Structures are given as structure tokens and as C-alpha cells.
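Work through these exercises with the structure open. Try each task before you read its solution.

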Amino acid sequence: MDINEVNFYGKYIKKRYGGRIQKITIDANFTCPNRDGSKGVGGCTYCNNKSFGTATRLNDLKIKDQLQSGFDYSVGRYKNVVGYFAYFQSYSNTYAPLSELKKIYNEALEVDKITGLVVGTRPDCIDREKLAYFENLTKDYEVVIEYGIESIYDETLERINRGHDYQCFVDAIDMTKGRGIKICAHIIIGFPWETKEQWIETAKAMSKLSIDYLKIHQLHVVKNTLMANEYMVKPFKLLNKEEYIDVLIEFLEHLRPSIVIQRLFGSASKELTVSPFWPETTFDLNNELIRKMKERDTYQGRLYPKNNLN
Ligand code: SF4
């Protein structure tokens, strides 16, 4: 496989499509079972309530308008755009009856320039019927389902109030694989009660699953969250930038090289961040990571078992 230090998404997409695929973020006004009381209330402890918009009825959505403003925004800003994916990012975007989902996603796909869908959701908000719908779409479009898991440890999932366990995530991946749907997982590194050894085990666990893409970010406490309240009452240890980059390097060394990395650093504005705030851009943070990996003569998958490579 032709990778250097990290199998980055941008490079992978360019190789696959010959240019840039622009994601346009859509807020389809879903909610989440962890907020509406069906699984819990208050949401995951790190989740910023401010990111939740006001409730709007699903059939009032103007997805086409959101897409159009995304196209307008990207004109002249990005070079060599060869396609657009509608990115349903906020909330749990499969948390509605299939008939509602069809209305929403079909509306996005009716827009000519849209060549794919990215659907962010929770592993407990998917079933075979919904997956069959997305599978059918893969005949004509790229479809990516992005599952939040955050940690492979049930103790952590309980402490952060996820409302589901790790097995639920594994089951969702098993249900999704083999359908032509690309699978992305999302994890957080840095929960203060987890250890470096546990993060390495997380890399090994992700490597074994049928995932195509991975998004990782450091634990940072943002305002208007349950975690911010906990932090104010009793501050806890958060990884600083150097510590996080060191952990990331080891994590990546154990990660299957074919997993495409979509993100390695989370970002929030200074106004929203309680701790830690890193002023560098993602571009600069990625460069710092790569520089250190070069210095150490290492790369993604260096410690991934060779006999697992195919
Ligand atoms: S992080 Fe996701 S699952 Fe958790 S409360 Fe926020 S939207 Fe819901």
C-alpha cells in the first residue's frame, strides 16, 4: 500500500476520485435517544448542548437550501472539487422511522451535484431495514455510515452516559459490513481514567473490525456539557498536546494500515473550550505529528501484525 506516515483521507480520496470531494454539512433536525429520554436525558457528558438547534418538524426541512449554500460557500474556496457528499452530522441521523429517513435522504440525492451521503449516527439507531435502504443507494452513490463509539470500554461508556455498550457497536458494524456501505468509526482518546495501554488495545480492536475510516480526537472539555460541570467541581488530568501526539503515534503504529484516517485532532473555539485549548490549526497539528513520526522513523501499521496484511 502506498502510504507514508499516515493513511490520510485527503490523499486517499484524491487517488480514488482524482480530486477533492467536498462534504456539505446538513442539519436535518434529528434528535438523539440519549437526549429525548428513550435512552437517557442530558446526553453524553462531553456533548455540547449548544450544538443542538431548535426543534423543527422533519417535513419542514429545506435540505436543498442547505446544500445550495454549501455549494455557494465552496465556489472559489476549494480547488479541484470533483464531487459533493451531503454530510448529516448533527445528532443521530438514523433516529427516525425509515419512511422519514427516505424523505430526508432522497431529497438530498435529488440534487444533481450530490454524489454521496455521509450519515453520522449511534450504533443503537440502526437496523437491517434501514441498512437495506442505504445498501440499495450504494448502486448509484457513495454511502458512508459514521458510528460514534468513543471508547471500547463499557466502564467508560457508562461514565460518559453513552447509553449503549461496546457490543452494540460491534453488532452494528457486523450488520453494516458487506453491503457496499463504507463504515467510519469515531473514538476519543484521553479519558482520564483510561491508560495508554488501553488506547493501544483500542487501536488493535479497531483494526480487527470491518471499518474503512477512523476519526479520532483528543478529549477536550467544552462549555455547556455535563463534563464541564464535573471539571469545574473537580478538575481532572487531560492530555496536553505533546502527550496526545505521543499516544497518537503509538496508536497509529498498531492500527491496520488500510484504515483511512479522516481526523486526528478535535477542535473547538477558544470561547467554547474549558480545557485544553490548542491554538494551532489542524493543519499545523497534523504537520507536527508527521514531523515527529519522521523523526522516529515510524508509520501507521508499523506494529500491526504482518501476517494480518493481505
Ligand atoms: S454525542 Fe451523539 S449520542 Fe451523545 S448526546 Fe450528543 S448527539 Fe447524542
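The exercises below go from the whole chain to single residues.

This is a predicted model, where local features need pLDDT of at least 70, side-chain atom pairs count only at pLDDT 80 or more, and totals for chains, interfaces and linings use all residues. Residues are numbered from 1 along each chain as its sequence is written, and side-chain values use heavy atoms, with hydrogens and water left out.

**Exercise 1. The chain as a whole**

Task: Compare the radius of gyration of the chain with that of a compact globule of 310 residues.

Solution:
- Take the rule for a globule: 2.2 Å times the number of residues to the power 0.38, with the radius taken over C-alpha atoms.
- For 310 residues the rule gives a value near 19 Å.
- The chain has 19 Å, so the two agree.
- Now add the spans: the C-alpha trace covers about 50 × 50 × 40 Å along its principal axes.
- Finally, 52% of the 310 residues are buried (under 20% relative accessible area; exposed is over 50%, partly exposed in between; 1.4 Å probe, protein chains only).

**Exercise 2. Helix H7**

Task: Check the length of helix H7 (residues 196–208), then find what covers its buried residues.

Solution:
- Helices are DSSP runs of H or I with at least four residues, strands are runs of E with at least two, and both are numbered from the N terminus.
- The expected span of a helix is 1.5 Å times one less than its number of residues.
- H7 has 13 residues, so 18 Å is expected; its end C-alpha atoms are 19 Å apart, which agrees.
- Its buried residues include Trp199, Ile200 and Met206.
- Their cover includes strand S4 (142–150), helix H6 (166–176) and helix H9 (241–254).

**Exercise 3. Helix H10 and its surroundings**

Task: Describe helix H10 (residues 282–295) and the residues around it.

Solution:
- H10 has 14 residues and reaches 20 Å, close to the 20 Å expected.
- Leu285, Leu289 and Met293 are among its buried residues.
- The buried residues of H10 pack against H9.
- Before H10, the loop from strand S9 (273–275) holds Pro276.
- The peptide bond from Ser275 to Pro276 is cis, with omega near -15 degrees.
- After H10 comes Asp297, with a positive phi near 55 degrees.

**Exercise 4. Two asparagines**

Task: Is Asn29 buried or partly exposed? Is Asn161 buried or partly exposed?

Solution:
- Asn29 has 19% relative accessibility, so Asn29 counts as buried.
- Asn161 has 27%, so Asn161 counts as partly exposed.
- Neither is a glycine, yet phi is positive: about 55 degrees at Asn29 and about 65 degrees at Asn161.

Notes: Contact means heavy atoms within 4.5 Å.
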